[in-house]
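Here are a few notes to read with the model open beside you. Take them one at a time and find each spot as you go.

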Amino acid sequence: MRISMVVAVAENGIIGADNGLPWRLKGDMKHFRATTMGKPIIAGRTTFNSFGKPLPGRTNIVLSRSEAPVPDGVVLVHSLEDALAAAAGEGAEEACIVGGAQVYAQAMAYAHILHFTRVHMDADGDTAFPDFDEDAWTQVSAERHEAGEGDNCAYTILRLDRKGPPPKSI
Ligand SMILES: NC(=O)c1ccc[n+]([C@@H]2O[C@H](COP(=O)([O-])OP(=O)(O)OC[C@H]3O[C@@H](n4cnc5c(N)ncnc54)[C@H](OP(=O)(O)O)[C@@H]3O)[C@@H](O)[C@H]2O)c1
């Protein structure tokens, strides 16, 4: 199973504000949906709550240290390793880590692929993507999109593949 991270990051590293996204990018939401559809997604409890409801067509695996109730069909786990095992148990070819910052930081060492959208603005926010070694990744594709209807700004969808095996595996 390959492990990917799906993230949108402003030029200044910001990914979140007030438990939500600091921008509106309809085009990138479509990309997120297409990239994750049919695959297990792994989210921290804060990010999962920000969705408002489980994302359809994907097994929603949620990380929390508590036993807070989750909607029917959502898989609640208490460690990243249990989350990855739950995704692997579905026979998935790719598991998608969908944030937020705490979960990206822990999952980085396991990731083979970054579906990384560069949002061409400096955003106001309280949550940043963790520092990572860009030299460890090869850019496989880059597609720039100018701001369309429903987009606050232009953005570039990058795919980065790790040059070697990830430092950690499940
Ligand atoms: N721009 C993007 O692409 C993007 C994507 C995703 C999220 N975001 C943004 O990022 C922000 C949220 O990020 P965040 O870092 O604050 O929170 P988060 O990573 O979404 O969730 C943190 C929570 O996950 C649980 N958790 C984390 N690690 C765990 C572990 N090892 N074992 C068990 N539970 C664990 C804990 O839940 P409990 O407190 O319940 O124990 C923790 O409080 C929001 O603003 C969101 O909109 C942006």
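**Notes on the fold**

1. Start with helix α1: on one side, M29, K30 and A34 are exposed (over 50% relative accessible area, 1.4 Å probe, protein chains only). Helices here are DSSP runs of H or I with at least four residues, strands are E runs of at least two, and both are numbered from the N terminus. A quick caution: this is a predicted model, where local features need pLDDT of at least 70, side-chain atom pairs count only at pLDDT 80 or more, and totals for chains, interfaces and linings use all residues. Residues are numbered from 1 along each chain as its sequence is written, and side-chain values use heavy atoms, leaving out hydrogens and water.

2. Now flip α1 (residues 26-36) over: D28, H31, F32, T35 and T36 are its buried residues (under 20%). They sit on the same side of α1 because they cover an arc of only 115 degrees around the axis, taken from the directions from the axis to the C-beta atoms.

3. What do the buried residues of α1 pack against? Their partners are β1 (2-10), β3 (41-44), β6 (94-97), β7 (113-119) and β10 (155-162), with contact meaning heavy atoms within 4.5 Å.

4. Just after α1 comes G38, with a positive phi near 80 degrees.

5. Next, the sheet: eight strands make it, open and mixed, in the order β5-β4-β3-β6-β1-β7-β10-β9. Strands pair if DSSP finds at least two bridges between them. β1 and β6 do so in parallel, over four bridges, and I3 stands opposite A95 in β6.
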